[in-house]
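Biologist: Please take a close look at one part of this model, the surroundings of the ligand. Keep it brisk.

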Amino acid sequence: MSTVAVWFRHDLRCLDHRALSAACEAADSVRAVYFLCPEQLDEHVIAPIRRHYLRRALDELATQLATLGIELDIVNAGHFRALPQALSAYADKFQLEAVYAHKEWLVDEIARDEACQQALNGKLQLIDDSLINPLALSKDDGDPYKVFTPFSKRCRTYLQQQFPRCLRRPTTKGVSVIPSQCPVFGDEKPSTDWPVTEEAVLNQLRTFCAERAEDYQEQRDFPAEQGTSTLSPALALGIISPRQCLARLQAEAGEQIWEAKSGPGCWFNELLWREFYRHIAFHFPRVVKGKAFQPHTDKVAWRYDQKDFDAWREGNTGYPIVDAAMRQLKETGWMHNRLRMISASFLCKDLHIDWRWGEKHFLETLVDADFASNNGGWQWAASTGTDAAPYFRIFNPTTQGQRFDPDGRFILRYVPELNALSGKALHQPPAMDHYPAQIVDHAVARKISLALFQNLAD
Ligand SMILES: Cc1cc2nc3c(=O)[nH]c(=O)nc-3n(C[C@H](O)[C@H](O)[C@H](O)COP(=O)(O)OP(=O)(O)OC[C@H]3O[C@@H](n4cnc5c(N)ncnc54)[C@H](O)[C@@H]3O)c2cc1C
């Protein structure tokens, strides 16, 4: 009897899993494998909350696969570079005819898969799982898109013509097995606020699409409201696919999803931002190597001031909305999108600290850390990226707070020292014993930012 395996990576689910379905069709005997790279976990310093979330997701995946009669092997590969040998040893051990996996599009992952393909003598079956294959769409002149709006318009037309189909859970001939358990990853922080079973995540998606997508456009910028889906951690580990998100959205909102200005259409747009940054990371791999998307902005003379960086990181800048945002990140491992934009802008445009420091800090702290989206978000905020906010458009952290948290409800959740204040004073606190003074004068910092970028143009 021939045996094949499915190599799970950022796709820890059984529903709508193309590689799993293909493997189950190809053979009667199917195994599953997940390679741990503990050294890599350390090198890239993955957030303790994300380690815990990953471990729970793997345990859940093992349970789901076990009901299909598929054993999940969790194999310690030691290091990312050792994966080809580890995979080849695994294939030999179980005499595998083929290994099925979803294609990954970042440059290091592409190189890894090429090496694995060689090590397996061509037995690695890579299947595209993306909502929009990065090779599927290009501009009329054949170049890849560099600007979001035309990209998103093209995606809509493309998806309208071929609306993606979700796959069911595969059927197998296997009898259920006892699920394996993932080992503890050392330093972990509880992630139990984040649902991890496919069922719970799908419920979260259903509730959002049925009850909140309609108001998404009005609510999504206000961190005190529950206006967004909070599905990013599940999307980052692939517990749910963007296809499932789109299908559920369409089931609830119908044709409205094609109207960019409706609530559902606006949410659809956010899913396309995710695709866009994947597309950029694939076509412009310099962004994966720490370079600016716009090469001339690599000359910006950023600062490397540890003291100011620490004040930002700890939420002690004296700007309430920035501090609340950074404390939300520290306490929960997640941050609202509007706050990611405000706090990233503050680091780059008020403290003039290199966006790469901020990018790394977010990757090390976020439960939903995702290289392409994070890099895209940071480069947007630093005005070094695609569609970059023009360098002269600089967020004012005080007015951002007044606009998006007018009554300070969100700020007070994380900065209770300001409890006695309200109105304007809450956003611009007077000198206080128990809250830091502003570490920088925004008006002065703004002028410095303009000069940093103007000098490049000269
Ligand atoms: C500086 C910065 C860093 C970021 N880092 C990450 C990151 O590491 N991981 C991550 O998933 N997102 C990142 N984002 C994008 C965005 O902030 C989060 O995806 C969003 O806050 C997640 O909340 P949600 O699931 O409620 O989103 P919703 O508003 O419900 O959106 C639905 C989904 O669309 C995707 N999405 C939404 N906005 C964006 C966006 N601007 N760019 C790309 N995808 C988007 C996410 O997968 C999200 O779950 C970053 C944004 C900025 C400005």
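By class, how many nonpolar, polar and charged residues does the shell around the ligand have?

Modeller: The model is predicted. The shell has 15 nonpolar residues, eight polar ones and five charged ones. In total, 28 residues surround the ligand. Those that come nearest are Tyr 216, Thr 228, Ser 229, Thr 230 and Asn 337.

Now the polar contacts. In the side chain of Ser 229, an N or O atom is 2.6 Å from an oxygen atom of the ligand. Asn 337 places a polar side-chain atom 2.7 Å from a ligand oxygen. With Asp 370 the backbone takes part: one of its polar atoms is 3.0 Å from an oxygen atom of the ligand. As for burial, the ligand on its own has 820 Å² of accessible area, and the protein covers 96% of it.

Next, the site itself. The ligand sits in the second largest pocket. Four elements each give two or more residues to its shell: α9 (232–237), α11 (263–283), α14 (337–350) and α16 (371–382). Of these, α11 gives the largest share, six residues.

Last, the domains. Domain 2 (148–166 + 196–283) contributes residues to the shell, and domain 3 (295–457) does too, so the ligand lies between them.

In short, the ligand lies between two domains, in the second largest pocket, with 96% of its accessible area covered by protein.

Definitions and conventions:
Residues numbered from 1 in each chain as written. Predicted model: local features only at pLDDT ≥ 70, side-chain atom pairs only at ≥ 80, totals over all residues. Heavy atoms only, no water. Near = heavy atom within 4 Å. Polar contact = N/O pair within 3.5 Å; in protein donor to acceptor, adjacent residues only side chain to side chain. Areas by Shrake-Rupley, 256 points an atom, 1.4 Å probe, with all protein chains shown as cover. 1 Å grid on protein atoms, 1.4 Å probe; cavity = no way out; pocket = protein on both sides within 12 Å on 5 of 7 lines; lining within 4 Å. Sits in = over half its atoms within 2 Å of the grid points. Nonpolar A, V, L, I, M, F, W, Y, C, P; charged D, E, K, R; others polar. Domains from an automatic or database assignment.
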